[in-house]
Amino acid sequence: MDFSIASILALDGATNGAVYALLALATVLVFAITRVIFIPQGEFVAFGALTLAMLQLGKLPGTVWLLLALAGLAAVLELLQGLRTHRSPTAMARRALLTLAWPAAVSVVTAWAAPRQWPLAAQSVLTLAIVTPLGPLVYRLAYEKLADATVLVLLIVSVGVHFALTGLGLVFFGAEGFRNPSFWDERFALGPVSLSGQALIIFIASIALMIGLALFFGRTLQGKALRATAVNRLGARLMGISTSGAGRLSFGLAAFIGALSGLLIGPTTTMFYDSGFLIGLKGFVAAVFGALSSYPAAALGAIIVGLLESFGSFWASAFKEVIVFTFILPVLLWRSFQHGVHEDEE
Amino acid sequence: MQLTPFHQEQTETTLDLKSRLSLLALLAATLFAGSARADLTVGVSLPLTGPASGLGLPMQNQFKLWPTTVAGQKLNLIILDDATDPTNGVKNAKRFVTEDKVDVIIGSAATPVAIPMADVAAESGTVQLAASPAPLPPGKDTWTFRLPQSNGVMATGMITHMVRNGVKSVGFLGYSDAYGESWLKEFTALAEKQNIKIVGVERFARSDTSVTAQALKLASANPDAMLVVASGSGAAMPEKALVERGYKGKIYQTHAAATRDLMRIGGKDVESTFVVSGPAVIAEQLPDSHPSKAVAVDFVTKYEKAYGAGSRNQFAGHAYDALLVLQKAVPVALQRGQPGTKEFRAALREAFENMGLLVVSHGVLHWTKDDHWGFTNKTPVMLKVVNADWKIE
């Protein structure tokens with residue numbers, strides 16, 4: 001191996017690492033706020049990439065139907081809850097309409113826009129608008145009632161949600177893979193390395209999103225509320241912060257980050273309906289590096305995972321996944337030495 | 001049939017106990033009559049969901065086009081989903097032999113699922129028509145016959161083409177699963193005989209986000225040709241990576257990549273790729289001298305009439321061929337026993353082994369007692385991607 005090969009590998013690893021970093025951030029975010037180990041994170045990646053692929057073909061993506069179905073279910077739940085707590089009919093109707101308004105509007109716009117073949121950027125925005133609301137709806141339907149359950153129960157629910165979403169992905173998008181067109185076809189020569197425009201976009205988008213998240217958590221009231229919920233749920237509640245609202249917001253962010261990652265990675269690889277799982281899992285390994293609590297450590301872990309993956313592929317491609325996932329063992333060992341032995345809480 | 005008594009109870013509420021009993025007896029009688037009447041029962045286990053669903057779904061489409069009778073016997077087709085999961089495949093196979101008492105098991109289209117199903121088939125003495133090139137140790141495949149061409153037969157066709165084009169060294173970039181391994185084994189053995197050197201062996205998985213590292217390593221060895229072993233739409237990504245890394249030599253793909261997804265995803269990067277294939281997908285372009293031409297054209301015409309132009313594919317062809325072999329073997333086996341009996345199943349196996357040359361859409365099949373693979377070396381066809389379409393070499 002000489003310098004040029006090493007630099008190409010490093011660039012490739014860092015590009016993938018940047019996407020894993022986004023997913024790791026989302027995993028940490030969701031876990032810190034809701035204690036949910038969000039395995040279906042990767043499904044949003046696949047949904048994002050494939051929804052855009054469907055729009056590219058001029059077809060109405062199946063995720064729109066999923067959005068409408070979930071919103072309908074959530075609205076029914078709102079009504080039932082309203083009946084139980086004897087809310088006034090107007091308040092009930094308003095809440096149900098609020099739940100349905102955005103999904104319905106997005107669906108109408110998509111149905112109108114899909115055959116018209118909008119430019120790529122507009123379709124990407126539309127994709128984010130379709131996939132992002134899926135997050136809060138999934139939280140509303142699958143997790144909210146169980147918000148106080150143990151981490152293990154929430155994990156089991158996550159596995160269930162993962163299988164449900166993967167199965168739906170097969171129904172919506174079919175078994176064959178898609179590759180999205182590149183956002184920017186330019187290539188830049190940096191010595192031996194040729195940097196593609198798409199890789200540059202991945203880096204810029206990842207960094208921008210990280211800065212955005214940092215600002216959101218540091219400067220806005222909602223972001224501070226989320227942080228408070230992460231630190232102490234009960235305390236946050238006593239201060240008048242809605243924990244279920246925080247849960248929905250965190251899932252919305254997770255879905256947004258997932259869909260964005262899907263858009264970013266879609267042009268560099270072939271996406272299948274089930275591709276998201278492994279990508280999300282690598283994000284999870286990175287999140288474990290940050291002990292599911294530290295954002296910078298998780299991002300660093302993601303870059304390490306990306307580099308391990310690309311150098312592992314070069315030296316021993318048959319054992320690549322083994323190398324990447326074995327990485328979690330020394331990390332756990334190091335973590336347990338650092339923090340001493342914990343009693344099993346659950 | 002079972003719904004009838006409920007229906008009766010609903011409409012005739014005054015039914016007394018005696019007539020109820022007689023109704024039950026009647027029901028029992030019809031059930032018995034049902035199992036005694038000799039239906040040919042075929043149990044199909046396919047990956048309709050999971051990673052290999054792209055192979056199972058078109059097969060299911062083709063099964064929907066099957067006739068209702070085979071050799072004058074009413075055909076009872078049971079299709080179950082194995083979700084590309086070996087455990088499910090075995091469960092399905094066990095259900096077929098114990099509950100449904102099937103005469104033939106077809107499936108699975110995924111190699112890792114078809115392999116353990118062979119054990120169930122052998123234990124119960126039921127013929128299995130595997131829709132995947134399932135490698136089984138000698139003696140284990142007594143009851144298993146394969147519908148697809150063996151990777152060895154396909155590799156022979158590919159090597160012949162390489163020799164003719166002066167290829168001396170090959171880089172291997174393949175799936176890290178049974179399909180990749182099996183190709184590597186067959187290809188290495190054949191390449192050695194022709195003095196073709198394999199300069200590098202790299203693996204990847206279908207779900208990988210990047211194969212840059214593997215492509216980089218292989219491209220720096222700069223062999224005369226690259227062999228990419230992948231399937232369906234997963235086959236384009238590694239090839240794009242090779243081209244991106246500046247590889248200029250010949251690129252070969254296997255028969256699992258012989259779908260239009262290769263061009264759909266690969267675009268201009270897969271131009272002038274060589275793909276080895278069975279004759280079925282290229283029916284119209286086959287020279288008239290090719291034995292499979294008429295059958296393949298028939299398959300393609302009927303399938304595309306039902307599912308749209310360009311929908312043809314390798315695996316629907318296997319389902320088509322399964323019907324052809326049954327139509328040939330069932331009449332022979334019927335002379336020795338009735339469907340649903342052990343004798344019939346044994347006779348069916350012998351009929352398969354002794355049916356001689358049979359032209360199917362995928363080539364010329366010749367199963368014998370010692371060879372349950374059967375496709376002759378005349379089967380493979382070399383295709384080249386020219387202007388995003390297939391052209392026979």
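Start by selecting B:Val276 in this predicted model. Its bridge partner is B:Met382, a residue of β14(B). Now widen the selection to the two strands around this pair: β11 (residues 274-277) and β14 (residues 381-386) of chain B run antiparallel to each other, joined by four bridges.

Next, bring up the whole sheet. Seven strands of chain B form an open sheet with mixed pairing, in the order β8-β7-β9-β10-β11-β14-β15. Which strands stand at the edges? Colour β8 (197-204) and β15 (389-392) of chain B to find them: each has a single partner strand, so one side of each is left without a neighbour in the sheet. Look along the sheet and you can follow its twist, as neighbouring strands are turned by 25° against each other on average, direction ignored.

Now add the helices that pack on the sheet. Select α7 (residues 178-193) of chain B, which touches β7 (169-175), β8 and β9 (225-229) of chain B; its direction makes about 165° with that of β7(B). Then select α9 (residues 236-244) of chain B, which touches β7, β8, β9 and β10 (250-253) of chain B. The direction of α9 makes about 155° with that of β9(B).

For the last stop, show chain A as well. The contact between the chains takes 25 residues from chain B and 26 residues from chain A. On the chain B side, the elements giving two or more residues are α3 (53-64), β8, α8 (212-221), α9 and α10 (261-266), so to speak a handy selection list. Zoom in on α8(B), which gives the most, with five residues. Colouring this side of chain B by class shows nine nonpolar, 12 polar and four charged residues.

Notes: Residues numbered from 1 in each chain as written. Chains lettered and ligands numbered in written order. Predicted model: local features only at pLDDT ≥ 70, side-chain atom pairs only at ≥ 80, totals over all residues. Pairing = 2+ DSSP bridges. Axes fitted to C-alpha atoms, helices over the stretch in contact; angles between N-to-C directions. Contact = placed C-beta atoms within 7 Å. Nonpolar A, V, L, I, M, F, W, Y, C, P; charged D, E, K, R; others polar.
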